[in-house]
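The following exercises concern backbone geometry. Please examine the sequence and the model before reading each solution.

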Amino acid sequence: MSPKEDISEKWREIQGGYGWDNLLDPLHPWLRRETVKYGEFAQATYDAFDFDSFSEYCGSYLPRWLERSHLMDKWSKDSNWMGFIGVSDDNESRRIGRRDIVVAWRGTVSPSEWYEDFQRKLDPIGHVEAKVEHEFLSIYKSKSESTRYNKSSASEQVMKEVKRLVQFYNARGEEVSLTITGHSLGGALALLSAYEAASSLPGLHVSIISFGAPRVGNIAFRDELHQMGVKTLHVVAKQDLVPRTPGLVFNESLQKFDDITGTLDWVYTHVGAELKLDVWSSPYLKREFNVSGFHMLETYLHLVDGFHSKTSTFRSDSRRDVALLNKTCDMLVDELRIPHFWYQPANKGLECNEHGRWVKPKRDPEDITLPTSETHTHVIEM
């Protein structure tokens with residue numbers, strides 16, 4: 001609840017309207033604050049997710065992208081809750097100078113699974129030579145008639161609501177922007193939804209702020225996003241393995257050979273401006289190799305909050321609570337005496353009912369997955 005600066009006169013600059021080059025090193029304090037804000041929207045997709053595999057409401061988590069409840073005999077790989085759409089309220093809209101529609105995508109936190117899950121295949125998208133990784137496009141476009149929440153794809157659900165909101169606020173004479181954020185897999189889905197939004201809503205200011213995201217498409221995909229005016233800020237940690245994939249070897253670095261080979265349509269590349277951070281710049285973090293910890297979104301938000309420039313030390317006046325670093329991992333130095341993996345729901349989700357028994361709380365019937373037969377088999381929801 002600390003005060004936020006009024007950026008209404010500078011919002012296009014902060015959102016990358018003129019490129020972020022003059023704002024990243026040193027990192028402009030307004031951009032730092034907005035980047036953390038959008039990162040917290042992405043973090044909310046994890047914090048709000050039901051991890052309990054013994055609950056009929058389970059939506060999955062580690063170690064795979066999608067996982068079924070232990071109580072269900074049949075499940076759908078197409079149906080997990082993947083994010084949300086939000087809109088700035090009147091006070092926030094006045095502060096930031098426009099009505100901002102936010103799409104926040106949930107990601108993964110198991111880097112060791114990335115490489116083996118990739119099919120290393122590029123599929124065409126759009127009308128020219130743009131191509132994107134097959135599995136990302138499948139997750140974004142897949143749908144299943146057997147599920148309650150995935151009869152339409154994530155693509156169709158997101159674009160239907162974004163178009164409705166843009167039309168609604170445009171009709172009120174308001175300036176509207178679309179900001180898409182995500183971490184890990186969520187950063188990949190952010191690029192796909194930004195591509196679709198920019199294609200179908202020309203003139204709309206579309207920007208992406210992603211964290212620890214992999215490469216998604218080829219050079220033509222990157223160039224087409226740029227031509228459509230999509231502004232992308234790609235936040236990466238030097239020690240994180242996920243942003244190096246896919247295309248660990250064959251990536252944008254091969255462009256220096258274009259004069260010899262020509263443009264290679266099978267080469268993966270990142271999109272937009274890069275804010276590169278160093279995990280070991282923080283005095284609060286252990287000097288140990290921690291693959292999962294390097295990739296955690298809380299690690300990224302800590303590093304953004306503490307970054308000033310490439311040549312300066314970690315900010316002594318950073319404000320974000322360092323205890324969050326150990327919420328679901330073991331990253332903090334022992335001298336801080338913060339327990340490892342300290343976060344869990346109160347009483348692990350149980351509550352004491354009127355008979356003095358500890359039970360799972362009742363929830364809205366809309367939250368439970370839909371039976372697919374009279375045997376009451378349930379499927380996972382989107």
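**Exercise 1.** Locate Asn347 and state its backbone sign and exposure.

Solution. Asn347 sits in the loop between helix 12 (297–306) and strand 11 (351–352); helices (H or I, at least four residues) and strands (E, at least two) are DSSP runs, numbered from the N terminus. Next, the phi of Asn347 is positive, about 55 degrees, although this residue is not a glycine. Most residues other than glycine have a negative phi. Finally, Asn347 has 49% relative accessibility and counts as partly exposed, where buried means under 20% relative accessible area, exposed over 50% and partly exposed in between (1.4 Å probe, protein chains only).

The model is predicted: local features need pLDDT of at least 70, side-chain atom pairs count only at pLDDT 80 or more, and totals for chains, interfaces and linings use all residues. Residues are numbered from 1 along each chain as its sequence is written, and side-chain values use heavy atoms, with hydrogens and water left out.

**Exercise 2.** Determine where Ser184 lies and whether Ser184 is buried or exposed.

Solution. Ser184 is placed in the loop between strand 5 (176–183) and helix 8 (185–200). Its phi is positive, about 60 degrees, and Ser184 is not a glycine. With a relative accessible area of 0%, Ser184 is buried.

**Exercise 3.** Identify the cis peptide bonds that precede Pro26 and Pro246.

Solution. Begin with Pro26, in the loop between helix 2 (21–24) and helix 3 (29–47). The bond from Asp25 to Pro26 is cis, with omega near 5 degrees. Proceed to Pro246, in the loop between strand 8 (231–237) and helix 10 (258–261). Thr245 and Pro246 are joined by a cis peptide bond with omega about -20 degrees.
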